[in-house]
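Biologist: I'd like to learn how to read helix packing. Could you walk me through it?

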Amino acid sequence: MNILVTGGAGYIGSHICRALLASGYAVHALDNLSSGHAEVAVGTLHTVDLGDVVGLRNIFAEYHIDAVVHCAGLINVADSMQHPEVYRTVNIEYTKSLLEEMARANVRDFVFSSSCAVYGTPQHLPVDEATPFHPESVYAETKVAAEEIIRNSAEMYGMRYAILRYFNACGAAANGSAGEWHDPETHLIPNVIRAAMSQQPVMIFGNDYPTSDGTCVRDYVHVEDLADAHVKALQYIDSHVEPLILNLGSGHGYSNAEIVAAVETELKTKIVVQYGPRRVGDPACIEASNEKARMLLGWQPRHDLASIIRTAVEWEIKNKIASLRSQ
Ligand SMILES: NC(=O)c1ccc[n+]([C@@H]2O[C@H](COP(=O)([O-])OP(=O)(O)OC[C@H]3O[C@@H](n4cnc5c(N)ncnc54)[C@H](O)[C@@H]3O)[C@@H](O)[C@H]2O)c1
C-alpha cells in the first residue's frame with residue numbers, strides 16, 4: 001500500500017514514515033521543507049507546498065496513494081498569535097484542499113495530527129477524548145477547525161478517518177537516524193539538553209504552580225510510540241467504518257523540574273535553572289487518558305522517561321558533532 005505522509009520531513013512525520021516502511025508500506029513524504037529537513041526524510045520525498053493544488057493533484061495522479069497521514073502544518077503557539085491568518089491558511093484551508101484532492105482521486109483513508117491543545121486548560125485529569133474543546137491559542141483553534149472540516153468532508157465524501165491528539169511528542173529514533181529538529185526550538189526537553197551541553201542556564205516558566213514541586217506537569221510521549229500508533233490507526237480505519245478519535249499520551253505526567261533532573265542523571269551533570277514568570281495560558285498540569293487507544297488499537301507506549309531522555313540526548317550529541325564538523 002502507498003501512504004502519503006504530509007510533513008514527512010518534519011519531526012513526527014519522519015518517524016511515522018520510518019514506522020510505515022518498517023511495516024511494509026511504500027511511503028511518499030510531501031513537505032515544502034519550510035521547517036522540515038530532507039536529511040531525515042525516508043521513502044520518496046516530494047518537495048511540494050500543501051497549498052499547491054496542482055502539485056498535490058500530480059502526486060495523486062502519478063502514484064496509487066491508498067491513504068494520507070496529514071502531519072504538515074505550522075506548530076508554534078506563540079507565532080500563531082502573531083500570524084493568525086498564516087496559521088489559518090496552512091492549518092485549516094490547506095487541510096480542506098488536501099481532503100478535496102483526496103476525494104477527487106478517490107483516496108478514502110485519512111489520519112490527522114491533532115493536538116491536546118484543543119482541550120485548553122483541563123478541568124479534570126486525566127484528559128479523555130470526551131473533554132470539551134477549549135482552544136486557548138490560534139494554533140489550537142486551527143486544530144479544532146481542521147477536525148470539524150475532516151468530520152464534514154468524511155461525511156460528504158465517504159471517507160474513513162482517524163484524528164490523533166498528541167500530547168508532548170519527544171525523544172528520537174532509537175537508531176539515531178531522526179529526532180527533534182525545530183528552529184526555533186520551543187520544546188522543553190531539547191532545550192534542557194542543550195543548556196546542559198553548553199553549560200548555560202535553562203529558563204523554566206513558573207515555580208509556584210499547585211504541583212508537587214511548583215513547576216508545570218506535562219505528558220511526554222515518545223515519537224516512536226506516536227509513529228507506532230499511526231500504523232495501528234491506519235490498519236484500524238481500513239477495517240472499521242466508524243471514525244477513530246484518540247488521545248496519544250503516555251498517561252503519566254512529569255514536572256519541568258523532573259525533566260531537568262532526568263537530563264542531569266543521563267548526562268551526569270548539574271544544570272543551572274532560572275525561574276521566570278508563568279506564561280499566559282500555561283496550565284499547571286496536563287495528563288492524558290490513553291485508555292481508548294490502548295483498548296481500540298492495542299497500543300501501548302514502550303518508551304519510559306529514561307528512554308525518552310536517552311534517545312533525545314543521543315540525537316542532540318550527534319547533531320552537535322555534525323554541526324561542529326561542518327563549521
Ligand atoms: N511536536 C508536538 O509535540 C506536537 C504535539 C501535538 C500536535 N503536533 C502536530 O503534529 C504535526 C507535526 O508536528 P512536528 O512537531 O513534527 O512539526 P514539524 O515542524 O517538525 O513538522 C511539520 C512539517 O510540515 C511541513 N510543512 C509546514 N507547512 C507546510 C506546507 N504548507 N506544505 C508542505 N509542508 C509543510 C514542515 O516543513 C515540517 O516538515 C503538526 O501538525 C503539529 O501541529 C505536534
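Biologist: At what angle do helix α2 and α4 pack, and how far apart are their axes?

Modeller: Keep in mind that this is a predicted model. The general idea first: two packed helices are described by the angle between their axes and the distance between the axes. Here, α2 (residues 53-62) and α4 pack at about 35 degrees, and their axes are 10 Å apart. The crossing of this pair is right-handed.

Biologist: Which residues of α2 and α4 make the contact?

Modeller: From α2 you have V53, L56, R57 and F60, and from α4 you have S97, L98 and E101. Sorted by class, that contact has four nonpolar, one polar and two charged residues.

Biologist: And what about α4 with α5, what are the angle and the axis distance there?

Modeller: Try the recipe again: α4 and α5 (residues 138-157) pack at about 15 degrees, with axes 9 Å apart. Angles under 35 degrees count as roughly parallel, so α4 is roughly parallel to α5. Their crossing is right-handed. Among the residues that meet are Y87, I92 and L99 in α4 and Y139, I149 and Y157 in α5. By class, this contact has 12 nonpolar, four polar and two charged residues.

Biologist: Now the ligand. Which residues come nearest to it?

Modeller: Of the 28 residues around the ligand, those are G7, G10, Y11, G36 and A169. The elements giving two or more residues to this shell are α1 (11-22), α4 (84-104), β5 (109-115) and β7 (168-170), and α1 has the largest share, three residues.

Biologist: How does the shell divide by class?

Modeller: Into 13 nonpolar, 13 polar and two charged residues.

Methods. Residues numbered from 1 in each chain as written. Predicted model: local features only at pLDDT ≥ 70, side-chain atom pairs only at ≥ 80, totals over all residues. Near = placed C-beta within 6 Å. Helix = DSSP H or I, 4+ residues; strand = E, 2+ residues; numbered from the N terminus. Nonpolar A, V, L, I, M, F, W, Y, C, P; charged D, E, K, R; others polar. Axes fitted to C-alpha atoms, helices over the stretch in contact; angles between N-to-C directions. Parallel < 35°, antiparallel > 145°, perpendicular 65-115°, else oblique. Left-handed = near helix turned anticlockwise from the far one by under 90°. Contact = placed C-beta atoms within 7 Å.
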